[in-house]
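Grab a pencil and try these short exercises. Each one comes with a worked solution, so have a go before you read on.

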Amino acid sequence: MRADFGEWDKFPTEEVYLDFVFKVCAEYRRILKPNASMVLFFGYRHAGWIAHELQRRELFTFRMPLIWVKDNPQPSYKKTSFRSAYEMGLWLINDGAKHAQPRTFNFLTQARMSNVMSYLIGRDGHKRTQHPTEKPELLTRRLVEIFTDEGDIVLDNFAGGGTTGVAAFKAGRNAISIEREAKYVAMIEKRQKAVEARLRDQRNDKRA
Ligand SMILES: C[S@@+](CC[C@H](N)C(=O)[O-])C[C@H]1O[C@@H](n2cnc3c(N)ncnc32)[C@H](O)[C@@H]1O
């Protein structure tokens, strides 16, 4: 049984999907700052191949896989295979050279710099939004803090429930969130307004 997350996840053939991925990556190459980092999550069947191709086509430097271990993976209803308990992100740098260095790399603590990061699906195990593939906010926040500085702009053009944008705001960055489904856009706007109001209150409390 394959989970059905939404229309965005469906492509008529693998060729069409891969063609879409490389078209989007060509746009990232154009709009990201030189040597900016990006993290793209793919299914395990495609991740290695895409990393290799991006490097071979001299579009992006592939630095490392970043693994999110899900502490609370979905149960296996049919019990015919393993429970899927991780997702793989590719850390890529906007430079086609083989050993390019990232524009920004803030080393946090040793404990927080493992490329294997364990988080529950949703905060405290409960989903925060109705989006079916929401990433943990703490995971996106960690990546934002490592790869950007305060005041930088973070882009998530497959924004879903808007988790990356929320994490970026809380970390003092700016964010651009793009999402094609109206119901998720409404969700993003609502979350974003709530975070902005909370941050404003905190600033006012400090001033008082
Ligand atoms: C995997 S989800 C992102 C989940 C998000 N990281 C979160 O934590 O909520 C991908 C999202 O990208 C959106 N999407 C797919 N194709 C798109 C496109 N061409 N333009 C804008 N959004 C798109 C889908 O509607 C879906 O909500």
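**Exercise 1.** Sort the residues of the shell around the ligand in this predicted model into nonpolar, polar and charged.

*Solution.* Start with the classes: the shell divides into 4 nonpolar, 7 polar and 5 charged residues. Next, look at who comes nearest: of the 16 residues around the ligand, these are Trp8, Phe158, Gly160, Gly161 and Thr163.

**Exercise 2.** Work out the strand order of the sheet, and find which strands stand at the edges.

*Solution.* Step one: trace the open sheet, whose 4 strands run in the order β1-β3-β2-β4 with mixed pairing. Step two: check the ends. β1 (37–42) and β4 (116–119) each have a single partner strand, so one side of each lacks a neighbour in the sheet. Step three: add the twist, which averages 30 degrees from one strand to the next.

Now zoom in on one pair. β2 (residues 61–70) and β4 are parallel and share 4 bridges; Lys70 has Tyr119 in β4 as its bridge partner. Finally, put a helix on top: α3 (residues 137–147) packs on the sheet and touches β1, β2 and β4, with its direction at about 145 degrees to that of β4.

**Exercise 3.** Find which element gives the most residues to the largest nonpolar core.

*Solution.* This core has 13 residues, and among those touching the most other members are Leu54, Phe60 and Phe62. Then list the suppliers: β1, α2 (44–56), β2 and β3 (86–93) each provide at least two residues. The winner is β3, with 4 residues.

One last stop: a second, separate core has 11 residues, including Trp68, Leu143, Val144 and Val154.

Technical notes
Residues are numbered from 1 along each chain as its sequence is written. This is a predicted model: local features need pLDDT of at least 70, side-chain atom pairs count only at pLDDT 80 or more; totals for chains, interfaces and linings use all residues. A residue is near a molecule or strand if its C-beta atom, placed from the backbone, lies within 6 Å of it. Ala, Val, Leu, Ile, Met, Phe, Trp, Tyr, Cys and Pro count as nonpolar, Asp, Glu, Lys and Arg as charged, and the others, Gly among them, as polar. Two strands pair if DSSP finds at least two bridges between them. Axes are lines fitted to C-alpha atoms, for helices over the stretch in contact, and angles run from 0 to 180 degrees between N-to-C directions. Two residues are in contact if their C-beta atoms, placed from the backbone, lie within 7 Å. A nonpolar core is a set of buried Ala, Val, Leu, Ile, Met, Phe, Trp, Tyr and Cys residues joined through C-beta atoms within 7 Å. A residue is buried if 20 or more other C-beta atoms lie within 10 Å of its own, exposed if 12 or fewer, and partly exposed in between; C-beta atoms are placed from the backbone.
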